[in-house]
Amino acid sequence: MKTILFLMLLTLFSCESKKQKEEPKAYKAGVILSFDDAYVDEWYDADQVLKKYGWKATFNVCRIDFIGKPEIKKLLEMQKEGHEIAGHGYHHYNAIKFVQKYGIDAYMKQEIDPMMESMKKHSFKVTSFAYPYGERSDALDSALSKQFKIIRGRAFGGEIPEKQDSYFNKSKIVFAFDIDNSHIHFSIPYLLELLDYAKKNNKILLLCGHKPVKNVTENYQTKIETLEFICKYMKQNDLKFYTLSDLDDLVPQS
């Protein structure tokens, strides 16, 4: 009888320990600013402007072997400062179109494996990945989950904040709202709505852009003025800057 009671207590303790382990950590409302492609000089210049706000960002880099040594040095400097350098594909292929034509195994061999090898060679600690063009599938998510802790797509719609996908959902698959000036749903009033919702509901808002510029002249450009607006809002409202990799500790463990 004592043995059975002991085993029951042991099982109960084990279940409670597992339950506690699976519970995600509490977190503060905040924002993830992420930038895609390889606009390293512009990212570095933006960092010089925004340092005074104590900002932190994730830079999703593609075509790593076509970036020059001065740009690699800048990326390493930003990584040392606490920014995250993440993956965005070796060639920047559209994952959906590539897989439809050649399959997932070929995608991993041509787009992911050489990227990770080169990133490691340059001393970048890559644990997150952002899909080029934001296009993804469940099958790709499953394959990439073996390599990356956090995988980011894009939220394409302009829904009301409570229906917007661009908030951390306690999953390793997340989505970001595009703050490039050319994005059809972007506007400062709408961005303010998203930030207010994050603040009031203790959410982490994910945002993405491409090339930070003072004056917009073409597509895929984010105004420095927009980034300063976000930084000022966060400072005034005590929101926290996160990187994509910061989310890994907040995802419940299975």
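This passage walks through a predicted model of a protein chain, from its overall form to one helix and a few individual residues.

The overall form comes first. The chain is built from 8 helices and 10 strands. Its C-alpha trace spans about 80 × 45 × 35 Å along the principal axes. A compact globule of 254 residues would have a radius of gyration near 18 Å, and the 20 Å found for the protein chain agrees with that. Of the 254 residues, 48% count as buried. The chain exposes about 13,400 Å², and carbon and sulfur atoms supply 52% of that area. Among contacts with a separation of 6 or more, 72% join residues that are 24 or more positions apart.

Helix α7 is a good place to look in more detail. It covers residues 188-201, 14 residues in total, and reaches 20 Å from its first C-alpha to its last, close to the 20 Å expected at 1.5 Å a residue. Its buried residues are Tyr190, Leu191, Leu194, Leu195 and Ala198. These residues lie on the same side of α7, because they cover an arc of only 140° around the axis. The spacing fits a general rule: an α-helix has 3.6 residues a turn, so residues three or four places apart point the same way. The packing partners of this buried side are strands β1 (30-37), β6 (173-178) and β7 (204-209), together with helix α8 (224-237). On the face turned away from the buried side, Pro189 and Lys200 are exposed.

Both ends of α7 have a detail worth a look. At its start, a side-chain oxygen of Ser187 comes to within 3.2 Å of the backbone nitrogen of Tyr190. Just after the helix, Asn202 takes a positive phi of about 55°. Most residues other than glycine have a negative phi. Two further residues also go against that tendency. His92, in the loop between β3 (84-87) and α4 (95-102), has a positive phi of about 70° although it is not a glycine. Tyr220 has a positive phi near 60° and sits in the loop between β8 (211-213) and β9 (221-223). As for their surroundings, His92 is buried because its relative accessible area is 9%, under the 20% cut-off. Tyr220, at 42% relative accessibility, counts as partly exposed.

Strand β6, one of the elements that α7 packs against, includes Asp178. This residue is buried, with a relative accessible area of 3%. Leaving out residues up to four places away in sequence, Asp178 touches Arg154, His183, Phe186, Cys208 and His210. With Arg154 there is a polar contact between the two side chains, at 2.9 Å. A polar atom of the Asp178 side chain also lies 2.7 Å from the backbone nitrogen of Asp180. Tyr220, met above for its positive phi, is 42 residues from Asp178 in sequence, with 9.5 Å between their C-alpha atoms.

The last residue in this tour is Ser166, which lies in the loop between β5 (150-155) and β6. Although it belongs to a loop, Ser166 counts as buried, at 0% relative accessibility. Setting aside neighbours within four places in sequence, Ser166 is in contact with Ala155, Phe175, Ala176, Phe177, Ile204, Leu205 and Leu206.

How values were computed:
Residues numbered from 1 in each chain as written. Heavy atoms only, no water. Helix = DSSP H or I, 4+ residues; strand = E, 2+ residues; numbered from the N terminus. Expected span 1.5 Å × (residues − 1). Buried < 20%, exposed > 50% of the residue type's maximum accessible area, 1.4 Å probe, protein only. Arc of directions from axis to C-beta. Contact = heavy atoms within 4.5 Å. Polar contact = N/O pair within 3.5 Å; in protein donor to acceptor, adjacent residues only side chain to side chain. Rg over C-alpha atoms; globule rule 2.2 N^0.38 Å. Areas by Shrake-Rupley, 256 points an atom, 1.4 Å probe, with all protein chains shown as cover.
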